Amino acid sequence: MSPLVLTGAGVSIEDVASVAREGCKVEVTPTVLERLVKARKVLDDAAAAGQQIYGLNTGLGANLGTSISGDASAFQRQLLDGRSGAVGEPLPFETVRAVMFARVAMLAAGGSGLSPHVFVALLDALNAGVHPVMPSLASIGAGDLVLMAALGRMLIGEGEADYQGRRMPSAKALMMARLAPVSLAPKDGLSLINASAGSTGSGALALADALSAFAQQQQAGALTMEGIGANHTILDPRLHLARPAACQQLAAKGLRELLARNEPPAPTTLQDPLSIRCMPSIHGALIQAIDHARLAAEIELNSAADNPLVLGEDELVLSTGNFHTASLALGFETLGLAIAQAAAACAARFIQLTGPGRNGLPKYLSPLGGASAGFVPLQKTVAAILAALRHKANPVMLDFLPVSEGVEDHATQTLLAVSKCADMIALWRRLIAFELMAAAQAIDLREGLMLAPATGVIHAAVRTHVPKLTEDRPLGVEAEALYAALAKGSWQA
């Protein structure tokens, strides 16, 4: 795999996923290092001229009025130690890599004043696979500095790190990777941690998952339309041009392509239930929500989000609120609601497929009839999953308290919004697995049905994991296997 070369712009969520999940190496252009050198000189010159600079010669938060003098490196270490208050289960390996890469990308955009040798040390640790053990509970979305403190401490050889699948003291991990702990110049500690890299990195991974789950949801929806004998006229492009709501033309086009064949089948009904008939509208709104969240995440990945901010070209150091991520939080809250809406429709289609019999399908999708349970017990599982998903759709970005003596009196809870959205994507994908199973069964029970080429491939992919139901058997294990294929990238359709 070719290395990813950072220029300070143009980083995508796909880049984050490549580095975090595939181990892609990262390089930077000479221009990035030149930008860092220039910003560091502007910062040092401003400090030498006597300017008050937050986190360099002043305390943090409510200690803003406290002047800092003496050993600057010692204060930066104290800054990291004092903010190491995160608790809870450590973030997963791939999430920590996403967070590290997000911080590297943001620093490459310039504006931090971080010493170039510290930037290189962070990049080297990422490429060597040395990852801080990063507890998950700390961020309130006004920057992720308490969460990120673990990263800063790892680079100076403190705390714990994961290396080659083993948890160990950071100093040992660095030594085994033939890296050395770094020394911190004024503001270096703050530059490492006072940004939204935790929220942005984990958000990028969630968006990558949302995109793949959406593609699978389109496939499941198309397979349901085949299995239930739906009326395809709902996908006529003229209908969506007449009311061109959020991306519904794009959603309808995707479904048309999945269902494309020389002769469309005759519909079994004039109008289908809303979970089928309104699929383009529901999925279109989801496409738009993904796009908005992507825009917010990629702005963060490619921007200078530091406080204070070093404006290299203007030779100024100014305090900012650029670490605050209201737009990113709102993007993921909105995405969560859009996912919940799509998931509810997915669950409704499953109920339609597995109910008392619709459009000529046998009751419960059972070929046996009589007392056979068929697919109907899974309706309870689907209802339980949807309830858990809907619970997580409740917004959290207004749930904050003033902290630091009221200096930090607003927050966004971005990381929590991202985390619950990621949980919702996993639950939604479970519902997609159930819909695929039911739709494939319906197709097998509909005599003489000729599938479109694309839906034929989808049906075959389902059948590699879940055989046709010919008698009652435990379906939960098979649903789990199909979900795993969808989630882990082994789904071939």
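Me: How much area does the protein chain expose, and what share of it do carbon and sulfur atoms supply?
Reply: In this predicted model, local features need pLDDT of at least 70 and side-chain atom pairs count only at pLDDT 80 or more, while totals for chains, interfaces and linings use all residues. Residues are numbered from 1 along each chain as its sequence is written, and side-chain values use heavy atoms, leaving out hydrogens and water. The protein chain exposes about 20400 Å² (Shrake-Rupley method, 1.4 Å probe). Of this area, carbon and sulfur atoms supply 57%.

Me: What percentage of the residues in the protein chain is buried?
Reply: Buried here means under 20% relative accessible area, computed with a 1.4 Å probe on protein chains only. Among the 493 residues of the protein chain, the buried share is 53%.

Me: What is the volume of the largest cavity?
Reply: A cavity is a set of points on a 1 Å grid over the protein atoms alone where a 1.4 Å probe fits but cannot get out. Points are joined across faces, edges and corners, and the volume is the space filled by probe spheres set on them. The structure holds 1 cavity of 30 Å³ or more. The largest cavity has a volume of about 40 Å³.

Me: Which helix and strand each supply at least two residues of the lining of the largest cavity?
Reply: Lining residues have an atom within 4 Å of a point, and here they include F93, V96, H131 and P132. Helices (H or I, at least four residues) and strands (E, at least two) are DSSP runs, numbered from the N terminus. The elements asked for are α4 (93-108) and β4 (130-132).

Notes
On a 1 Å grid over the protein atoms alone, a cavity is a set of points where a 1.4 Å probe fits but cannot get out, and a pocket is an open set with protein on both sides within 12 Å along at least five of seven lines; lining residues have an atom within 4 Å of a point. Buried means under 20% relative accessible area, exposed over 50%, partly exposed in between (1.4 Å probe, protein chains only).
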